[in-house]
Amino acid sequence: MQQHSQSSTLVVPTVHAVPQHIAVIMDGNGRWANARRLPRMVGHERGVAALRQVVEACMKQGVRYLSVFAFSSENWRRPEEEVSFLMGLFIKALEREVRELKENGVRLRVIGDLSAFNTKLRQAISRAEAATEMNDRFHLTVAANYGGRWDILQATRKMLDQHPELAVSGVPIPEELLTPHLSMNFAPEPDLFIRTGGEERISNFLLWQLAYTEFYFTECFWPEFDESQLELAIQSYQRRERRFGRTPAQVAQECSYPAS
Ligand code: IPE
Ligand code: IPE
Ligand code: MG
């Protein structure tokens, strides 16, 4: 499977000038709203609008996968009225956007423990996923009730169910038996991770997949993140040297080979 051959720890992955997969923690909706004396909820609404623009900008730039953190497994700790507002907003956004996503060749997936959501939301998710499942031009993945630790544990469970012999003490576990069970098994590992809103942490997003991802942090609050902000992030990415454990001289030598 493609995913195995591109594991950053098993092989040196192909690096493209434009990141093929961008993962984003869309943070700062509440602070954006507070700074304008608006309710936090307005910030979340503007956050959906920003996501729409960023999807378009990514497609224009030649990015193939965009994975965004919409609701973490820890966000249930927020006040109940904010949680239920976010659930309602999620349903509305799915229903409003699905047609356009479908027409524009976008495949939408939602990853996370969806069993915690109400029936209406789960149905909206299934409908949107089914409506876009034939698309392959661009892959938009929304992480909802997602946690990186949850993902690794649920994948481990599935792997052991399939390979009970691996539970025996001392038997080595090859990573390629685990990765097909991770929620992002359909995508290459992210090339670029962006977090808006000024915090510099992963907050339990894609723990496994970020092993060799380039990180980009910006003070910009998510509702203000637009095409020009995305370009800044991609430009920063293009100045990085991705070594994957090798020396700079080795990387330079590899780059000097003519493209065949
Ligand atoms: C990110 O913005 C959106 C979600 C977590 C749902 P926040 O709501 O975390 O905004 P801040 O960080 O409080 O500004
Ligand atoms: C991370 O943001 C989750 C999402 C953007 C969905 P948080 O705002 O919840 O993260 P912390 O609590 O500041 O780490
Ligand atoms: Mg936040």
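## Exercises on strand 1 and the largest pocket

Strand 1 and strand 2 are parallel partners, joined over five bridges. Keep in mind that this is a predicted model.

**Exercise 1.** Work out which residue of strand 2 is the bridge partner of Ala23.

*Solution.* Start with the pairing: strand 1 runs parallel to strand 2. Now look across from Ala23, and you land on Ser67.

**Exercise 2.** Find out how many bridges join strand 1 to strand 5, and what stands opposite Val24 there.

*Solution.* Strand 5 covers residues 192-195, and four bridges join it to strand 1, again in parallel. Opposite Val24 you'll find Ile194.

**Exercise 3.** Sort the residues of strand 1 by the way they point, and decide whether they are buried or exposed.

*Solution.* First, a handy rule: in a regular strand, side chains alternate between the two faces of the sheet. Next, apply that here: His21, Ala23 and Ile25 point one way, while Ile22 and Val24 point the other way. Finally, check the cover. Buried means under 20% relative accessible area, and five of the five residues in strand 1 are buried.

**Exercise 4.** Describe the largest pocket: how much space lies in it, and which residues are closest to its centre?

*Solution.* Begin with the space, which is about 1,000 Å³. Then go to the lining: it has 43 residues, and Met26, Asn29, Phe69, Ala70 and Phe71 are the closest to the centre. Split by class, the lining has 22 nonpolar, nine polar and 12 charged residues. Last, see where they come from: among the elements that each supply at least two lining residues are helix 3 (40-61), strand 2 (65-72) and helix 4 (80-103).

Notes:
Residues are numbered from 1 along each chain as its sequence is written. Chains are lettered from A and ligands numbered from 1 in the order in which they are written. This is a predicted model: local features need pLDDT of at least 70, side-chain atom pairs count only at pLDDT 80 or more; totals for chains, interfaces and linings use all residues. Side-chain values use heavy atoms; hydrogens and water are left out. On a 1 Å grid over the protein atoms alone, a cavity is a set of points where a 1.4 Å probe fits but cannot get out, and a pocket is an open set with protein on both sides within 12 Å along at least five of seven lines; lining residues have an atom within 4 Å of a point. Grid points are joined across faces, edges and corners, and a volume is the space filled by probe spheres set on the points. Ala, Val, Leu, Ile, Met, Phe, Trp, Tyr, Cys and Pro count as nonpolar, Asp, Glu, Lys and Arg as charged, and the others, Gly among them, as polar. Buried means under 20% relative accessible area, exposed over 50%, partly exposed in between (1.4 Å probe, protein chains only). Two strands pair if DSSP finds at least two bridges between them.
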